[in-house]
Amino acid sequence: MKKVLMLVVVLMAALSSYAQEMYLGGGISLWRDCDADINSFSISPDFGYNLNERWAIGAELAYAHEGTYYDEGKDRISSHVNSFAIAPYARYSFYENKIVRLFIDMGLGFSTSKAEHRDAVNGFEIGLKPGLAIKLNDSFSFITKVGFAGYRDDYFRGSDGFGVTLDGENISIGIDYEF
């Protein structure tokens, strides 16, 4: 019993000494298209662990909902799509000064989307996402990822195929908290 207690104490001490290497962040989006009568929102928490000055590993979880409403004759029809995704990644930081850090996330993403009254569609992506982090203070950073280079098939965001894109649909903005 003493050995188990000692092991727990050593593990807790080790974890607390590495606590400043972990980060938590993510983003939220809300969108209303008045012309097409579409409401959408998504939430995508992001968590990771800094292995050293250059490398980190992490994952993004995502939930997205889109509701479309349209008139068909005298009836008001609604359609809803719910999507879930998990996207583990390895992050390589190739430039850093006291305020700015440039990085590339290399990863995979797996998603499932379910439209109302239809079968679920599973998809994936594999590729690179370049990013920028601006340190606001010792704990908080403004994070943005711009673009995607890789392959997507039925993934819940973006179109299918292979290539490089830097359009507005592939920009994410968020805040990371390092603890």
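Tyr-92 comes out as partly exposed at 30% relative accessibility, where buried means under 20% relative accessible area, exposed over 50% and partly exposed in between, with a 1.4 Å probe and protein chains only. The model is a predicted one, so to speak of local features takes a pLDDT of at least 70 and side-chain atom pairs count only at pLDDT 80 or more, while totals for chains, interfaces and linings use all residues. Residues are numbered from 1 along each chain as its sequence is written, and side-chain values use heavy atoms, with hydrogens and water left out.

Now for the overall layout. The protein has 1 helix and 10 strands, taken as DSSP runs numbered from the N terminus, with helices being H or I over at least four residues and strands E over at least two. Along the sequence the order reads α-β-β-β-β-β-β-β-β-β-β. Of its 179 residues, 27% count as buried. Contacts, meaning heavy atoms within 4.5 Å, reach well along the chain: among those with a separation of 6 or more, 51% join residues 24 or more positions apart.

Back to the aromatic residues. A pair of aromatic rings is described by the distance of the centres and the angle of the planes. Rings of Phe, Tyr and Trp (its six-membered ring) pair if their centres lie within 6.5 Å, and planes under 30 degrees apart count as stacked, over 60 as edge-to-face and the rest as tilted. The structure holds 7 such aromatic pairs. In one of them, Trp-55 and Tyr-92 have ring centres 4.9 Å apart and planes at 50°, so the pair is tilted. This pair links distant parts of the chain, with Trp-55 in strand 3 and Tyr-92 in strand 4, 37 residues apart. Trp-55 is partly exposed, with a relative accessible area of 35%. The rings of Tyr-177 and Phe-179 make a stacked pair, because their planes lie at 20°, with the centres 5.9 Å apart. Tyr-177 is partly exposed, at a relative accessible area of 35%, and Phe-179 counts as partly exposed at 35% relative accessibility. Elsewhere, ring pairs tie Phe-41, Tyr-63 and Phe-84 into a cluster.

Rings also take part in cation arrangements. A charge sits over a ring if NZ of Lys or CZ of Arg is within 6 Å of the ring centre and within 35 degrees of the ring normal. Arg-91 lies over the face of Phe-103, 4.1 Å from the ring centre. Likewise, the charged end of Arg-152 sits over the ring of Phe-148, at 4.0 Å from its centre.

Next come the pockets. Rolling a probe the size of a water molecule over the atoms shows where empty space is left. On a 1 Å grid over the protein atoms alone, a pocket is an open set of points where a 1.4 Å probe fits, with protein on both sides within 12 Å along at least five of seven lines, and lining residues have an atom within 4 Å of a point. The second largest pocket holds about 430 Å³ of space, a volume being the space filled by probe spheres set on the points, which are joined across faces, edges and corners. Its lining comprises 27 residues, with Asn-50, Glu-53, Glu-96, Arg-101 and Glu-178 nearest the centre. Strand 3 (55–72), strand 4 (75–96), strand 5 (100–115), strand 6 (120–135), strand 7 (140–146) and strand 10 (171–178) each supply at least two lining residues. By class, the lining has 9 nonpolar, 7 polar and 11 charged residues; Ala, Val, Leu, Ile, Met, Phe, Trp, Tyr, Cys and Pro count as nonpolar, Asp, Glu, Lys and Arg as charged, and the others, Gly among them, as polar.

Two residues give a view of strands 7 and 10. Ser-141 belongs to strand 7 and counts as buried at 11% relative accessibility. Leaving aside residues up to four places away in sequence, Ser-141 touches Ile-134, Lys-135, Leu-136, Gly-174, Ile-175 and Asp-176. Ile-171 lies in strand 10 and is partly exposed, with a relative accessible area of 44%. With the same sequence neighbours set aside, Ile-171 touches Thr-144, Lys-145 and Val-146. Its C-alpha atom is separated by 6.1 Å from that of Gly-147, 24 residues apart along the chain.Finally, two loop residues have a positive phi without being glycine. For His-117, phi is near 65°; this residue is in the loop between strand 5 and strand 6 and counts as exposed at 76% relative accessibility. For Asp-154, phi is near 55°, and its place is in the loop between strand 8 (148–153) and strand 9 (161–165).
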